[in-house]
Structures are given as C-alpha cells and as structure tokens.
Amino acid sequence: MKYYYLVASLPVLALGEPAPCTAAEFRARCEGVLSPVDARELRGLLEGRAGEAQSAFARGWFAADTQLRNAAARLRATPMAVEAKGFLREHPGFTAALEKAVVDAFAKPHPGERELELDRCRWLVADELALPVAKVQVVFDCDTSTHPYDWQTVASRFAVMGGNAVIAA
C-alpha cells in the first residue's frame, strides 16, 4: 500500500452506520495525495465510470457490483411478473457465492435489512479485492544474531496476537 498516512487519516467506516463523510469530502481528502493515475481511478470509481477502470480492483469492483445489481433486478422483477432482461447489464465473470448472497439478502423480511445485507455483500467484495486471501503471507522473522535477548517469554501473547491476525485476514 502506498498511502498509509492517507488511510490512517480517514474516518472509520462502520457497516450499518451513516457515512462519516460524503463522496465529495472523501475526494477532497485524497486531492494532492494520490498520484494522477490513482486520482483518475478514484474519480472513475466514485462516478461509476466502469469503462474507464484500469486497476484490477476497479475492474473487479464494477464486475461484482454489476452482477449484484443484475441478481437484484431478477429477484425484484419475478414477483411483479416483469421481464428483467431489459434491466440487466453485461459484466465479465460470474461468482456463485455473490449470487447466493443476493438471494439470501432478498430472503430478509424487511427492505432495510435487505439493503444492509446487500451493503454487506459489497463490503466483502471490496475487502476481497483489496487483499485477496491468496496473497496473505505470514512471516516470522526470528534472528537471534540481531535480537539475542528479550526481557520476557511472551509465546502465549504471540499465539493470541498472531492467531487473531490470521483470523482477521
């Protein structure tokens, strides 16, 4: 990641809570920090310009979001006896888990719960695109020639900290 300080300065997002800033405020915080290429990519993401996506993240995001919207359109059209075909958009790839997540979201009894579940799907897609599990690598660098002494035995602490890091990844 190239933008540690930018990310650290941003407000915390919490699923189901109001956004702590608008898209315009978010863009303003990023101005002057992002490279021109990354700033253009961010504008494309915020403005929904899928055709301009250059990064793997943006292309994956638009593909998953389009699949999610298509699945929602099919599920909304069925009870109204409306043909969904005119509302569907082409997208590369297909993820069965995303399709199932949309079906599960529509099983929720309240519309607000459905939308929250769809947001949860989007959140998971963004997490996976940002850091695919296959790229997570845990490295234990113990070199007694550079760190010959520690003030106490902390193996049980590492088991908790390292284990939680693996679970979180």
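The largest pocket of this predicted model encloses about 2000 Å³ of space. Its lining is made up of 39 residues. Those that lie nearest the centre of the pocket are Leu-13, Phe-26, Leu-42, Phe-57 and Ala-126. By residue class, the lining divides into 27 nonpolar, four polar and eight charged residues.

Several helices contribute to this lining. At least two residues each are supplied by helix 1 (4–9), helix 2 (23–30), helix 3 (36–46), helix 4 (56–77) and helix 6 (111–130). Helix 6 provides the largest share, with seven residues of the lining.

The pocket belongs to a chain whose secondary structure consists of seven helices and zero strands. Read from the N terminus, the order of elements is therefore α-α-α-α-α-α-α. The chain has 169 residues, and 21% of them count as buried. Among contacts with a separation of 6 or more, 50% are accounted for by residues 24 or more positions apart.

Buried nonpolar side chains were also examined. The largest nonpolar core holds 15 residues, of which Leu-68, Leu-98, Val-102, Phe-106, Leu-118 and Val-125 touch the most other members. Helix 4, helix 5 and helix 6 each supply at least two residues of this core. The largest share, seven residues, comes from helix 4. Helix 4 and helix 6 thus appear in two settings, since each supplies at least two residues of the pocket lining and at least two residues of this core. For Val-125, contacts beyond the neighbours within four places in sequence are made with Trp-61, Ala-64 and Leu-98. A second core, separate from the one just described, has six residues, including Tyr-3, Cys-30, Leu-34 and Leu-42. Leu-42 is also one of the residues that lie nearest the centre of the largest pocket.

A further local feature concerns the loop between helix 5 (96–106) and helix 6, where His-110 is found. The relative accessible area of His-110 is 46%, and the residue is therefore classed as partly exposed, a class that lies between buried, under 20%, and exposed, over 50%. The side chain of His-110 reaches the backbone nitrogen of Gly-112 at a distance of 2.9 Å.

Technical notes: Residues numbered from 1 in each chain as written. Predicted model: local features only at pLDDT ≥ 70, side-chain atom pairs only at ≥ 80, totals over all residues. Heavy atoms only, no water. 1 Å grid on protein atoms, 1.4 Å probe; cavity = no way out; pocket = protein on both sides within 12 Å on 5 of 7 lines; lining within 4 Å. Points joined across faces, edges and corners; volume = space filled by probe spheres on them. Helix = DSSP H or I, 4+ residues; strand = E, 2+ residues; numbered from the N terminus. Nonpolar A, V, L, I, M, F, W, Y, C, P; charged D, E, K, R; others polar. Buried < 20%, exposed > 50% of the residue type's maximum accessible area, 1.4 Å probe, protein only. Polar contact = N/O pair within 3.5 Å; in protein donor to acceptor, adjacent residues only side chain to side chain. Core = buried A, V, L, I, M, F, W, Y, C linked by side-chain atoms within 4.5 Å. Contact = heavy atoms within 4.5 Å.
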